[in-house]
Amino acid sequence: MLIEQIERVRRMDQLIRLHSTGNSEEFAQKLKISKKHVYNLIEELKDAGASIRYDRNQRSFVYDSPHFVEIAFKVVEIAPDELMAIGGGAVLCVCNEHPAIFLKNL
């Protein structure tokens, strides 16, 4: 779900930069979300510093100045002794044989 949300915001940014969002209803359809969700995401981008407005002449949401949304995360392998320091004696384990996540006390 997190990756889906990240991809949605990336797509949103791309459509805004290309001036091809359409109106709010069309934008919502392109992102496969509700109009309310579109406005919520726009507000989140504004809170993060993006200046976004709807341009009636271009029939698109646009940035007032050049912007680029960058969202990044990475998965880092951590040694067991580092996990002890971080987890305080419990380790979060992902078992390859079973798609379950569980806590293992050391």
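User: What pattern does the protein chain follow, read along the sequence?

Analyst: The pattern is α-α-α-β-β-α-β-β. That makes four helices and four strands. Keep in mind that this is a predicted model.

User: How much of the protein chain is buried?

Analyst: The protein chain has 106 residues, and buried ones make up 28% of them. Now turn to the surface. About 8000 Å² is exposed, with carbon and sulfur atoms supplying 53% of that area.

User: What share of the contacts join residues at least 24 apart?

Analyst: Take the contacts between residues at least 6 apart in sequence. Of these, 40% join residues at least 24 apart.

User: Let's go to the strands. How do β1 and β2 run, and how many bridges join them?

Analyst: Start with the general idea. In a regular strand, side chains alternate between the two faces of the sheet. Here, β1 covers residues 52–55 and β2 covers residues 60–63. The two run antiparallel, joined by four bridges. To fix the register, use one pair: Val 62 in β2 stands opposite Arg 53.

User: What should I check in the hairpin between them?

Analyst: Check the backbone angles. Four residues lie between the strands, and Arg 59 takes a positive phi near 50 degrees.

User: Which atoms lie 2.9 Å from the side chain of Asp 55?

Analyst: Two backbone nitrogens do. One belongs to Asn 57, the other to Gln 58. In each case the partner is a polar atom of the Asp 55 side chain. Asp 55 itself sits in strand β1.

User: Is Asp 55 buried or exposed?

Analyst: Buried means under 20% relative accessible area. Asp 55 has 11%, so it counts as buried. Beyond its neighbours within four places in sequence, Asp 55 is in contact with Ser 60 and Val 62.

User: Now a loop residue. Where does Thr 21 lie?

Analyst: Thr 21 lies in the loop between α1 and α2, the latter spanning 24–31. Do not assume that a loop position is open to solvent. The relative accessible area of Thr 21 is 0%, so this residue is buried.

User: Which residues does Thr 21 touch?

Analyst: Leave out residues up to four places away in sequence. Then the list is Leu 15, Ile 16, Glu 26, Phe 27, Lys 30, Arg 59, Ser 60 and Phe 61.

User: What polar partners does the side chain of Thr 21 have?

Analyst: Look at Ser 60 and Phe 61. The side chains of Thr 21 and Ser 60 make a polar contact at 3.1 Å. The backbone nitrogen of Phe 61 lies 2.7 Å from a polar atom of the Thr 21 side chain.

User: On to charges. How many salt bridges does the structure hold?

Analyst: The general idea: side chains of opposite charge can pair when their charged atoms come close. This structure holds seven salt bridges.

User: Which partner does Arg 10 have, and how far apart are the closest N and O atoms?

Analyst: The partner is Glu 7, with the closest N and O atoms 3.0 Å apart. Both residues lie in helix α1, three residues apart, about one turn of the helix. Arg 10 is partly exposed at 36% relative accessible area. Glu 7 is partly exposed too, at 40%.

User: And which partner does Lys 46 have?

Analyst: Lys 46 pairs with Glu 43; their closest N and O atoms are 3.9 Å apart. Both belong to helix α3, residues 35–47, and they too are three residues apart, about one turn. Lys 46 is partly exposed at 36%. Glu 43 is partly exposed at 41%.

User: What about Asp 64 and Arg 53?

Analyst: Their side chains meet in a salt bridge, 2.4 Å from N to O. This pair links distant parts of the chain, eleven residues apart: Asp 64 is in the loop between β2 and α4 (80–87), while Arg 53 is in strand β1. Asp 64 counts as partly exposed at 44% relative accessibility. Arg 53, at 38%, also counts as partly exposed.

User: Which residues do the shared partners join into one network?

Analyst: Arg 53, Asp 55 and Asp 64, through salt bridges that share partners.

User: Last feature. Which residues form the nonpolar patch on the surface?

Analyst: Ile 3, Phe 73 and Val 75 do, with about 360 Å² of accessible area together. Ile 3 comes from helix α1, residues 2–17. Its relative accessible area is 53%, so Ile 3 is exposed.

Definitions and conventions: Residues numbered from 1 in each chain as written. Predicted model: local features only at pLDDT ≥ 70, side-chain atom pairs only at ≥ 80, totals over all residues. Heavy atoms only, no water. Pairing = 2+ DSSP bridges. Patch = residues over 30% accessible without salt bridge, like charges linked within 9 Å, V, L, I, M, F, W, Y side chains within 5 Å. Areas by Shrake-Rupley, 256 points an atom, 1.4 Å probe, with all protein chains shown as cover. Salt bridge = Lys/Arg side-chain N within 4 Å of Asp/Glu carboxyl O. Buried < 20%, exposed > 50% of the residue type's maximum accessible area, 1.4 Å probe, protein only. Polar contact = N/O pair within 3.5 Å; in protein donor to acceptor, adjacent residues only side chain to side chain. Contact = heavy atoms within 4.5 Å.
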